[in-house]
Amino acid sequence: MGFTAIVPAAGSGTRMGAPGGKLLLPLCGQPLLSFTLLSLASSQSVDKIVIVTREEDILPLFDLAKSLELDVPVTVVRGGATRAESVLSGLNEATDADWVLVHDGARCLITPEEIDRVAAAAKTRGAAAIGVRVKDTIKVCDSSGKILNTPDRSTLWAVQTRQAFSSPLLREAFSKLTDFNVTDDCAVCERAGIPVYMVEGSYENIKITTPDDLLVAEGFLKQRGF
Ligand code: C5P
């Protein structure tokens, strides 16, 4: 389906307590990022991968991608100080792509089927993201912890950063972005007034952020036979 996957992987790993970054931490005996790359490469939609990482990780991640013998070409480029800057750096590398799919390196539990579903939705609607309906009741609080209000749960989704776009739309959205402290690419589009549509995903697709996430991810991967 002609998508270039941009994989932001330039985080500092602070919340994981992994100063060297978390994406090479072992999961079921393999570096975490390898599960992400294998799923992307075996989807029907992705025909190229651009990994965006820290300067010092460019070579190790290139070697990892090479060792996986993926069916699609992989390039590795340097990221920025924020996730949005890293995505923009990937977008600048993917100059010939008509369609892009941004997928966080730290979401290693994705399946090729989910990737294809969000890609198909983007092809019909221009921009789409995968998420799940929120199970908890969410509170908005001030800095003292005082509850300010309770949004209607039936309208709330937890977005998972697997988001697919027509490249011209995402480029237009980034060209209007002034504050790069946004945590996903839908928000970049929202600020530019570009509609993004949600596709229902799976609760298994957690983002690996803190050490307890590694235990949960390993449980899911073992269930899948790893
Ligand atoms: O910080 P957070 O866990 O939300 O980051 C989500 C993803 O964005 C991770 O895969 C991380 O490596 C990536 N990231 C990045 N560049 C940054 C910060 C985060 O590529 N400057």
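Author: Ala, Val, Leu, Ile, Met, Phe, Trp, Tyr, Cys and Pro count as nonpolar, Asp, Glu, Lys and Arg as charged, and the others, Gly among them, as polar. This is a predicted model, where local features need pLDDT of at least 70 and side-chain atom pairs 80 or more, while totals for chains, interfaces and linings use all residues. Residues are numbered from 1 along each chain as its sequence is written, and side-chain values use heavy atoms, without hydrogens and water.

Reader: Thanks! How many residues surround the ligand, and which are the closest?

Author: A residue belongs to the shell if one of its heavy atoms lies within 4 Å of the ligand. Here 15 residues surround the ligand, with Pro 8, Ala 10, Gly 11, Ser 86 and Lys 207 the closest. By class, the shell holds five nonpolar, five polar and five charged residues.

Reader: Which backbone atoms lie by a nitrogen atom of the ligand?

Author: Look for N or O pairs within 3.5 Å. A backbone N or O atom of Gly 80 is 2.9 Å from a ligand nitrogen, and one of Ala 81 is 3.2 Å from a ligand nitrogen. A ligand oxygen also lies 3.5 Å from a polar backbone atom of Ala 106.

Reader: Which helix and strand each supply at least two shell residues?

Author: Helices (DSSP H or I, at least four residues) and strands (E, at least two) are numbered from the N terminus. Strand S1 (3–9) and helix H3 (83–93) each give the shell at least two residues. The protein chain has seven helices and 11 strands, and its C-alpha trace spans about 50 × 40 × 30 Å along the principal axes.

Technical notes: A polar contact is a pair of N or O atoms within 3.5 Å; within protein, one must be able to donate a hydrogen and the other to accept it, and residues adjacent in sequence count only if both atoms are side-chain atoms.
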